[in-house]
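Here are a few exercises to work through with the model open beside you. Try each task before you read its solution.

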Amino acid sequence: MTLGKWAACAATGVLIAASLVVYIGYQGIFGIDTADVDPDGWGDRPAQVEGLHNILLLGTDERAGDDASYNELNGIRPDVLVVISIDVDKGGVTMVNLPRDTMVEIPPCEAAEGDGAGWAGGVDQLNHAMTYGGMDCQGNTVETITGIHLDHMVLVDFAGFEHIVDSIGGIEMCVPEPVDDPKAHIKLDAGEQKLNGEQALGLARSRDSAANGSDLGRIENQQRMMGAILREVTSGDILSKPNNLISFLNSVTDSLTTDSEFTVDKMTELAIAMREVDLGRMNMVTAPVEDYPVDVNKVQFQEAAAQDLFDSVAAGELAEEDSEDSEESGDDPGGVEPSDVSLLLLNNTGVDGLGVQVEPLLAEEGFTVTDTTNPELRVPEVTTVYHGPDKAEHAELLAEAVQGGAEIVEEPSLGEDLELVMSGGWEGVAGVGGGSGGGSSVDDLGGTNAAEDDVSCD
């Protein structure tokens with residue numbers, strides 16, 4: 001294999017490693033395992049869009065050694081699910097995290113040899129599709145619920161992550177608060193620091209260190225690590241020196257499985273086409289979800305906002321976005337910024353715990369949420385922003401950040417803080433500039449890119 005192909009495969013490895021969050025690594029091209037995946041058996045499929053390459057990347061919770069019995073009891077389930085959409089024409093990459101505990105309609109799946117007992121169809125947790133019918137069932141499920149045509153699939157386990165981080169000399173991370181999580185075997189001081197592979201894996205897997213101790217908070221940590229890995233690899237000499245390149249590729253051997261059609265030649269072509277993609281155009285976003293009414297420990301997609309996102313990814317529309325143009329187009333009323341707005345968040349939807357999920361989304365937009373509780377004085381039938389005198393512009397900006405918009409009502413008894421009462425028909429946070437036209441852009445959904453860390457330790 002030529003040096004050019006080595007370099008191209010390494011670039012593909014970087015994309016895969018980043019988009020599978022921090023759990024995955026890319027195996028050297030020696031002996032990549034393949035799995036039988038039959039998309040022709042998935043029924044009516046979404047149209048394939050010219051220039052788009054959509055890859056479903058799965059990070060499994062497969063255990064080894066003393067923990068191997070876990071797999072026998074529970075089956076191998078993906079802990080991380082990411083759709084990575086690569087637009088070779090526009091030079092953009094969008095990585096969409098699908099929370100593993102999202103309740104979805106899993107289509108009927110036949111059991112492959114050694115891959116579960118099959119599934120007759122029905123609602124279950126997203127990552128359980130893997131236990132029913134292996135990669136084939138998981139791919140069919142993701143394509144069906146998102147409407148995004150999947151071209152290929154990649155499966156990895158946890159084993160290679162420590163090695164990939166160590167092979168690039170560690171990653172620079174801001175740890176805003178001290179971390180002490182015995183379950184994840186990690187203890188870190190606060191501040192800027194370089195994490196080795198063991199520390200990075202612990203932080204990626206830790207719930208206690210994540211916002212609200214949730215899987216959604218953990219995904220935010222993982223997305224920050226995606227960017228850190230990409231920045232470290234692209235800023236160093238890994239891709240330019242053959243010895244470093246070979247070490248990088250071999251650092252996570254025996255951890256990768258692909259569909260049989262995702263050949264090295266296809267990886268090479270894709271990597272060559274994307275080798276000069278700017279980090280600022282590698283976007284990461286989590287599909288918007290809300291509490292699942294039947295079980296608050298599970299989530300479901302926010303139907304309108306999630307479908308807007310999936311439709312945009314399927315059509316390649318997010319790759320057309322330019323961050324500078326997006327910032328210029330955000331016409332904040334009267335020059336009021338989200339940082340100027342503080343609010344009390346009140347949950348009148350009947351969905352327990354929804355406020356806890358919405359609070360960080362508003363915070364990501366720059367708003368200050370002073371408290372989250374249930375309404376007592378004002379209980380409107382539709383989502384409403386209440387504001388005091390001289391706070392109409394603040395209320396307009398907050399209402400703009402609500403998916404589908406919100407009613408605006410002046411309440412003379414209020415002071416500096418607004419009240420956002422989430423009520424019937426609540427659709428989620430659209431983001432500043434999103435208005436009622438849908439929350440499909442990365443910025444509107446609180447997404448990030450790989451160019452810089454959005455958390456500061458200053």
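**Exercise 1.** Which residues point one way from strand 20 and which the other way, and are they buried or exposed?

*Solution.* Before we start, a word on the source: this is a predicted model, in which local features need pLDDT of at least 70, side-chain atom pairs count only at pLDDT 80 or more, and totals for chains, interfaces and linings use all residues. Residues are numbered from 1 along each chain as its sequence is written, and side-chain values use heavy atoms, with hydrogens and water left out.

Step 1: sort the side chains. Leu418, Leu420 and Met422 point one way from strand 20, while Glu419 and Val421 point the other way. In a regular strand, side chains alternate between the two faces of the sheet.

Step 2: check burial. All of these residues are buried, where buried means under 20% relative accessible area, exposed over 50%, and partly exposed in between (1.4 Å probe, protein chains only).

Step 3: conclude. Because 5 of the 5 residues of strand 20 are buried, the strand is largely enclosed by the rest of the structure. Helices (H or I, at least four residues) and strands (E, at least two) are DSSP runs, numbered from the N terminus.

**Exercise 2.** Find the order of the sheet that contains strand 20, and say which strands stand at its edges.

*Solution.* Step 1: read off the order. The sheet is open, has 5 strands in the order 17-16-20-18-19, and shows mixed pairing; two strands pair if DSSP finds at least two bridges between them.

Step 2: look at the ends. Strand 17 (368-373) and strand 19 (407-410) each have a single partner strand, so one side of each is left without a neighbour in the sheet. From one strand to the next, the twist averages 20°.

Step 3: walk through the pairs.
- Strand 16 (residues 342-347) runs parallel to strand 17, with 5 bridges; Leu346 has Thr373 as its bridge partner.
- Strand 16 also pairs with strand 20 in the parallel sense, over 5 bridges, and Leu343 stands opposite Leu418.
- Strand 18 and strand 20 run antiparallel and are joined by 3 bridges; Tyr386 faces Glu419, and Thr384 is partnered with Val421.
- Strand 18 and strand 19 are parallel, with 4 bridges between them, and His387 stands opposite Glu410.

**Exercise 3.** Which helices lie across this sheet, and how does the chain cross from strand 18 to strand 19?

*Solution.* Step 1: place helix 11. Helix 11 (residues 354-364) lies across strand 16, strand 17 and strand 20, at about 155° to strand 16. Such angles run from 0 to 180 degrees between N-to-C directions, with axes fitted to C-alpha atoms, for helices over the stretch in contact.

Step 2: place helix 12. Helix 12 (residues 392-400) lies across strands 16, 18, 19 and 20, at about 160° to strand 18.

Step 3: inspect strand 18. Thr384 and Tyr386 on one side, and Val385 and His387 on the other, are all buried.

Step 4: follow the chain. From strand 18 it passes through helix 12 to strand 19, in a right-handed β-α-β crossover: with the strands pointing away from the viewer, the path from the first strand over the helix to the second runs clockwise.

**Exercise 4.** Locate the largest nonpolar core, and describe what Phe310 touches.

*Solution.* Step 1: define the set. A nonpolar core consists of buried Ala, Val, Leu, Ile, Met, Phe, Trp, Tyr and Cys residues joined through side-chain atoms within 4.5 Å.

Step 2: find the core. The largest has 35 residues, and those with the most contacts inside it include Val83, Leu98, Phe301 and Phe310. Helix 3 gives the most to this core, with 7 residues.

Step 3: examine Phe310. Leaving out residues up to four places away in sequence, Phe310 touches Val96, Leu98, Ile145, Thr146, Ile148, Ala287 and Phe301; contact means heavy atoms within 4.5 Å.

Step 4: look for another core. A second, separate core of 21 residues includes Leu343, Phe367, Ala395 and Ala399.

**Exercise 5.** Where is Val104, and is it buried or exposed?

*Solution.* Step 1: Val104 is found in strand 5 (residues 103-106). Step 2: Val104 is buried, with a relative accessible area of 5%. Step 3: among the residues that Val104 touches beyond four places in sequence are Val123, Leu126, Ile145 and Phe301.
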